[in-house]
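Student: Could you take me closely through one part of this model, a loop and the residues that meet there, and then relate it to the other elements that you can describe? I would like the contacts set out one by one, with their distances.

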Amino acid sequence: MRRKLGILISGRGSNMAALVEAAKAPDCPYEVALVASDKPEAEGLAWAASQGVATFAQSPKGMPKAEYEAKIDTALREAGVEAIALAGYMRLLSDDFVQAWRGRIVNIHPSLLPKYKGLDTHRRALVAGDLVAGCSVHVVTEELDAGEVLGQAEVRIEARDTPETLAERVLGEEHRLYPRVVAQWLAR
């Protein structure tokens with residue numbers, strides 16, 4: 001029986017697309033039951049719908065965070081979602097939401113955690129003179145980018161790298177890493 005995965009996005013959702021594409025394989029342990037976004041105009045929603053995936057959008061503007069998250073939570077549960085993957089979802093989840101889904105939310109982060117939690121990870125790696133950067137899939141907890149790391153991929157930093165060129169190469173690794181780690185996580 002395939003597990004039902006919900007994916008939260010805020011924009012283009014290229015990691016979401018990688019998860020959706022991977023779910024098409026007959027041996028994939030998950031199916032994408034819902035792609036939800038805090039931005040009704042998110043490009044990723046149209047792409048997901050074109051792939052036959054159910055979508056949900058709710059702008060948080062003008063409503064308390066708890067009310068907004070309750071709407072997202074209801075949509076996920078009505079779709080039968082058992083686990084959530086964040087894929088470029090640019091909102092911090094409340095402690096209450098994380099607790100309600102404890103151990104069932106993962107995220108992909110563009111650094112080799114525990115290094116460079118938060119934003120601007122590529123510039124920070126370059127400024128520090130790191131030789132490698134990369135990405136990490138981790139379980140979401142109440143503390144930002146601090147949950148158990150389930151998998152990582154390294155990317156060698158080149159002398160000519162800028163934050164943008166490094167980000168592009170790391171994103172390619174994210175697309176390979178995220179579906180594989182989510183599949184392993186859900187198959188446990």
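**A buried aspartate and its surroundings**

Tutor: The side chains of Asp161 and Thr165 make a polar contact at 2.8 Å. This is a predicted model, and every distance that follows should be read as a property of that model. A second polar contact of the Asp161 side chain goes to the side chain of Arg169, at 2.6 Å. Asp161 itself belongs to the loop that runs between strand E7 (149-156) and helix H6 (163-187). With a relative accessible area of 11%, Asp161 falls under the 20% limit and therefore counts as buried. When residues up to four places away in sequence are left out, Asp161 touches Leu126, Arg156, Leu166 and Arg169, so that Arg169 appears both in this list and as a polar partner.

The same loop can also be examined at Ala159, which likewise lies between E7 and H6. Here the accessibility is 90%, over the 50% limit, and so Ala159 counts as exposed, whereas Asp161 is buried. As for its position relative to the rest of the chain, Ala159 is 35 residues from Arg124 in sequence, and their C-alpha atoms lie 15 Å apart.

Helix H6 also leads on to another element, since it is among those against which the buried residues of H1 pack. The others are strand E1 (3-9), strand E2 (30-37), H2, strand E4 (83-86) and strand E5 (105-109). Of the 10 residues of H1, 8 are buried, so the helix is largely enclosed by the rest of the structure; these are Ser14, Asn15, Met16, Ala17, Ala18, Leu19, Val20 and Ala23.

The pairing of H1 (residues 14-23) with H2 (residues 43-50) can be described in more detail, for their axes come within 10 Å and cross at roughly 10 degrees. That angle is under 35 degrees, and therefore H1 is roughly parallel to H2. The crossing is right-handed. On the H1 side the residues that meet H2 are Met16, Ala17, Val20 and Glu21, and on the H2 side they are Gly44, Trp47 and Ala48. Sorted by class, this contact comprises 5 nonpolar, 1 polar and 1 charged residues.

Strand E1 can be followed through Ile7, which is found in it. Ile7 has a relative accessible area of 0% and is thus buried. Apart from neighbours within four places in sequence, Ile7 is in contact with Met16, Leu19 and Val20, and also with Val32, Leu34, Val35, Ala36, Ala85 and Ala87. Met16, Leu19 and Val20 are buried residues of H1. Between the C-alpha atoms of Ile7 and Ala33, which are 26 residues apart along the chain, the separation is 8.3 Å.

One more buried position, Ser136, sits in strand E6 (residues 132-139). Its relative accessible area is 0%, and so Ser136 is buried. A polar atom of the Ser136 side chain lies 3.0 Å from the backbone nitrogen of Leu113. Leaving aside neighbours within four places in sequence, the contacts of Ser136 include Leu113 together with Asn107, Ile108, His109, Ser111 and Leu112, and they also include Val149, Gly151 and Gln152.

Terms used:
Residues are numbered from 1 along each chain as its sequence is written. This is a predicted model: local features need pLDDT of at least 70, side-chain atom pairs count only at pLDDT 80 or more; totals for chains, interfaces and linings use all residues. Side-chain values use heavy atoms; hydrogens and water are left out. Axes are lines fitted to C-alpha atoms, for helices over the stretch in contact, and angles run from 0 to 180 degrees between N-to-C directions. Helices (H or I, at least four residues) and strands (E, at least two) are DSSP runs, numbered from the N terminus. Angles under 35 degrees count as roughly parallel, over 145 as roughly antiparallel, 65 to 115 as roughly perpendicular and the rest as oblique. A crossing is left-handed if the near helix is turned anticlockwise from the far one by less than a right angle, and right-handed if clockwise. Contact means heavy atoms within 4.5 Å. Ala, Val, Leu, Ile, Met, Phe, Trp, Tyr, Cys and Pro count as nonpolar, Asp, Glu, Lys and Arg as charged, and the others, Gly among them, as polar. Buried means under 20% relative accessible area, exposed over 50%, partly exposed in between (1.4 Å probe, protein chains only). A polar contact is a pair of N or O atoms within 3.5 Å; within protein, one must be able to donate a hydrogen and the other to accept it, and residues adjacent in sequence count only if both atoms are side-chain atoms.
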